[in-house]
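Open the model in your viewer and keep the selection panel handy. We will go from stop to stop, and at each one I will tell you what to select and what you will find there.

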There are 2 protein chains.
Amino acid sequence: MKLDPDSPKDLSAQIAAAIRDEIVSGKLIVDARLPSESELAEHFAVSRPTVREALKRLAAQSLIRTQRGATGGAFVNRLSFEQAYGQQITTSTLLLSMNEVSFDVACEARFTLERACAPLAAARRGAVHLDRMAFEIARQSQPTLSDEDFCASDVAFHRALVDAACNPVLSYQLAGAVEGMQPLMNMITFTARSRGAIIALHARIMAAITARNATAADAALIELADYTLTLGRDVMAARAARAAD
Amino acid sequence: MKLDPDSPKDLSAQIAAAIRDEIVSGKLIVDARLPSESELAEHFAVSRPTVREALKRLAAQSLIRTQRGATGGAFVNRLSFEQAYGQQITTSTLLLSMNEVSFDVACEARFTLERACAPLAAARRGAVHLDRMAFEIARQSQPTLSDEDFCASDVAFHRALVDAACNPVLSYQLAGAVEGMQPLMNMITFTARSRGAIIALHARIMAAITARNATAADAALIELADYTLTLGRDVMAARAARAAD
DNA sequence: GCAGGCTAATTGTCTGACAATTTATTTTCA
DNA sequence: TGAAAATAAATTGTCAGACAATTAGCCTGC
C-alpha cells in the first residue's frame with residue numbers, strides 16, 4: 001500500500017488502484033470496513049479531499065459503498081449481478097456508439113451469443129420466461145407503438161430468452177451484447193411489414209422454446225439474424241446514399 | 001442538467017449522472033471539452049471539490065480524461081476496446097468471486113460462449129491466431145510451469161481462439177467470461193496427467209481450427225468442457241470434505 | 001527568425017471549517 | 001426501575017480559499 005510520488009498518475013488514482021488491488025486480491029473482503037477518510041489520509045500522507053476522490057472512483061465502479069454517521073464509513077460492496085448489468089450495458093453501449101462498430105459486426109456478435117443460449121433455454125425455460133416472451137410479443141403487436149418502444153420490447157424479448165437459460169453468468173455476459181445494440185437498432189425505421197416479420201419470428205422462437213425444441217429455435221434465430229442484418233444494411237445504404245448527396 | 005436537492009444521492013453522484021447522460025445520449029461527443037471545473041461548479045451551484053469528485057467518478061469509468069495546463073480540461077474519452085476489456089475483466093472477476101457462483105455455472109457459461117465462437121474462428125482464423133495458440137500450447141507443455149502460470153496460459157489460449165473469430169465485439173464480450181474464471185481455475189491443482197489431457201484437447205482444438213473444421217472444434221470443446229467440469233467438481237468435493245472435518 | 005522567458009488558464013493538492021447523519025451514551029422523568 | 005428524551009461522538013458530505021504544477025500561447029530581446 002505505497003504510493004509512487006514520481007508516477008505520472010494522480011495521487012487519487014494511485015490510492016484507488018491500491019485499494020482496488022486489496023479488494024480484488026481478497027485482502028479486503030465483502031462488507032469489510034475501510035479506515036475512515038481521515039485515517040486513510042494520514043496513512044497515505046495526503047489530504048482528505050484526495051482520499052475522497054479516490055473513494056469516489058471506487059464507488060463509481062460499485063466496489064465500495066459509503067454510509068454516514070457514527071458507525072458509517074466505506075465498506076467493500078458485494079457486487080450484485082444487477083449493478084454489474086448496469087455497468088456492462090453502459091460500457092457496451094458507449095463502446096459500440098463511439099467506435100464506429102458496423103451494424104454487421106454487432107449483429108453477428110449478438111446473434112452468435114444468443115444462439116448459444118438457445119439450447120439451454122429450451123431445456124430449462126420456466127413459465128416466467130415464457131410469460132415474459134408472450135408479453136413482449138403482445139406489446140410488439142400494437143401498431144401504435146413507436147419505433148423506439150418496439151426496439152425496447154425487442155430487447156426485452158431477447159433478454160427473456162437469454163434468462164431462460166437459467167445461468168446468471170450467461171445473462172450477465174449477454175446483457176451487454178443485447179442491450180448495447182439498442183442504439184444501433186433504434187436507427188432502423190420499422191415498417192408494418194418488417195414488424196410483422198419480426199413478430200412472426202419471435203413467435204416461432206417462443207414456440208420452439210416452449211416445445212423444448214432447440215433445433216427449431218436455432219433455425220428461427222438464424223432467420224431473425226439474417227432478417228435483422230438485411231434491415232440494418234438497408235438503413236446503412238440509405239444513409240450512405242443521403243450522405244453522398 | 002439540473003440537480004434535485006432532495007435526492008438521497010450525493011451531489012457528486014448526481015452531477016456525474018447528469019454528465020454521463022449527456023455523453024451516452026450523444027449530446028457530448030467524443031473529444032468534446034467539458035467546461036472547466038470552476039464553470040461546472042458555478043453551473044451546478046456547488047463547490048469545486050464536489051465537481052471534482054463527480055469528474056473522478058466519470059474518469060474511473062473511462063468516460064472522460066483530464067489534461068492539465070492552459071488548453072487542458074476534461075474531455076469526453078473515446079472508450080477503446082482495450083479499456084473496456086480491462087473494466088469488463090475486473091467486474092467479471094469480482095462478480096464471480098463475491099457471489100459464490102458455482103464452478104459449474106461459470107464453466108457452463110464460459111464454454112457455451114466459446115463454442116459459439118468456434119465456427120467463426122474456424123472460418124476466419126489467420127496465421128497470427130494459430131501462432132498464438134501454438135505458442136501457448138508449447139508453454140503449457142513445460143513441466144516446470146506453476147499451476148498459476150498454466151492457468152494463465154490456458155486463458156491466453158482460449159482468448160486466441162475467441163480472437164480468431166475476428167469480431168471485436170465478440171472478443172470484448174467474452175473477455176469477461178474467459179478471464180473472469182481464472183481465479184476459479186486457479187483453485188485447481190493440475191496434475192501432470194490432467195495437464196496432459198488438457199494440452200491434448202488444446203492441440204485437437206487447434207488442429208480443427210487450422211483445418212477449418214468447425215464440427216471437430218466443437219466436439220473437442222465439449223470434451224474440454226466436460227473434463228474441466230470434472231476437475232472442478234473434484235476440487236469442490238475435496239474442499240467440502242475438508243470443511244466437514 | 002528564433003530562443004527564451006512571461007502570462008494566463010487549468011487541473012492537482014492542501015488546509016480548515018461547518019453541516020448532516022447516524023449510533024451510542026447519558027440524563028431525566030414517570 | 002424503565003423508558004423516553006436529550007446529548008455527545010464519529011463519520012461522511014460540502015464548502016471556501018489558497019497554492020503548486022503543468023501547459024499553451026504570446027511577447028520580448030537579440
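Start by selecting DNA strand D. Around this strand sit 22 residues, and the closest are Ser36(A), Leu11(B), Val46(B), Gly69(B) and Ala70(B). Now colour by element: α3 and β2 (73–76) of chain A, along with α1 and α3 of chain B, each give two or more residues to the surface near DNA strand D. If you colour by residue class instead, that surface splits into seven nonpolar, ten polar and five charged residues. Please keep in mind throughout that this is a predicted model.

Next, select DNA strand C. Here there are 23 residues around the strand, and those that come nearest are Leu11(A), Ser47(A), Gly69(A), Ala70(A) and Ser36(B). The elements giving two or more residues to this surface are α1 (11–24) and α3 (48–60) of chain A, together with α3 and β2 (73–76) of chain B. Which element gives the most to the surface near DNA strand C? That is α3(A), with three residues. By class, the surface near DNA strand C has seven nonpolar, ten polar and six charged residues.

Hide the DNA for a moment and show both protein chains. How is chain B laid on chain A? A turn of 180 degrees and a shift of 0.1 Å along the axis do it, with an RMSD of 0.1 Å. This is therefore the relation of a two-fold axis. Both copies use the same surface, since 100% of the contact residues of chain B recur in chain A.

Stay with the two chains and select the residues where they meet. You should find 40 residues of chain B in contact with 40 residues of chain A. On the chain B side, α1 (11–24), α3 (48–60), α4 (81–98), α5 (103–124) and α8 each supply at least two residues. The largest share comes from α4(B), which provides ten residues of the side touching chain A. Colour that side of chain B by class and you get 22 nonpolar, eleven polar and seven charged residues.

Now show chain A alone and colour it by domain. Domain 1 covers 11–76 and domain 2 covers 81–244. The centres of these two domains of chain A, taken over C-alpha atoms, are separated by 39 Å.

While you are in chain A, zoom in on Ser62(A), in the loop between α3 and β1 (64–67). Check its backbone: phi is positive, at about 60 degrees, although Ser62(A) is not a glycine. Is Ser62(A) buried or exposed? Something in between: it is partly exposed, because 18 other C-beta atoms lie within 10 Å.

Switch to chain B and pick Cys166(B), which you will find in the loop between α7 (147–163) and α8. Cys166(B) is another residue other than glycine with a positive phi, here near 55 degrees. With 16 other C-beta atoms within 10 Å, Cys166(B) is partly exposed.

For the last stop, select Pro168(B), in helix α8 (residues 168–179) of chain B. Pro168(B) has 18 C-beta neighbours inside 10 Å, so it counts as partly exposed. Finish with a distance label from Pro168(B) to Ala238(B): they are 70 residues apart in sequence and 39 Å apart in space, C-alpha to C-alpha.

Terms used:
Residues are numbered from 1 along each chain as its sequence is written. Chains are lettered from A and ligands numbered from 1 in the order in which they are written. This is a predicted model: local features need pLDDT of at least 70, side-chain atom pairs count only at pLDDT 80 or more; totals for chains, interfaces and linings use all residues. Helices (H or I, at least four residues) and strands (E, at least two) are DSSP runs, numbered from the N terminus. A residue is buried if 20 or more other C-beta atoms lie within 10 Å of its own, exposed if 12 or fewer, and partly exposed in between; C-beta atoms are placed from the backbone. Two residues are in contact if their C-beta atoms, placed from the backbone, lie within 7 Å. Ala, Val, Leu, Ile, Met, Phe, Trp, Tyr, Cys and Pro count as nonpolar, Asp, Glu, Lys and Arg as charged, and the others, Gly among them, as polar. A residue is near a molecule or strand if its C-beta atom, placed from the backbone, lies within 6 Å of it. Domain bounds come from an automatic or database domain assignment. Copies are superposed by least squares on the C-alpha atoms of residues with pLDDT of at least 70 in both.
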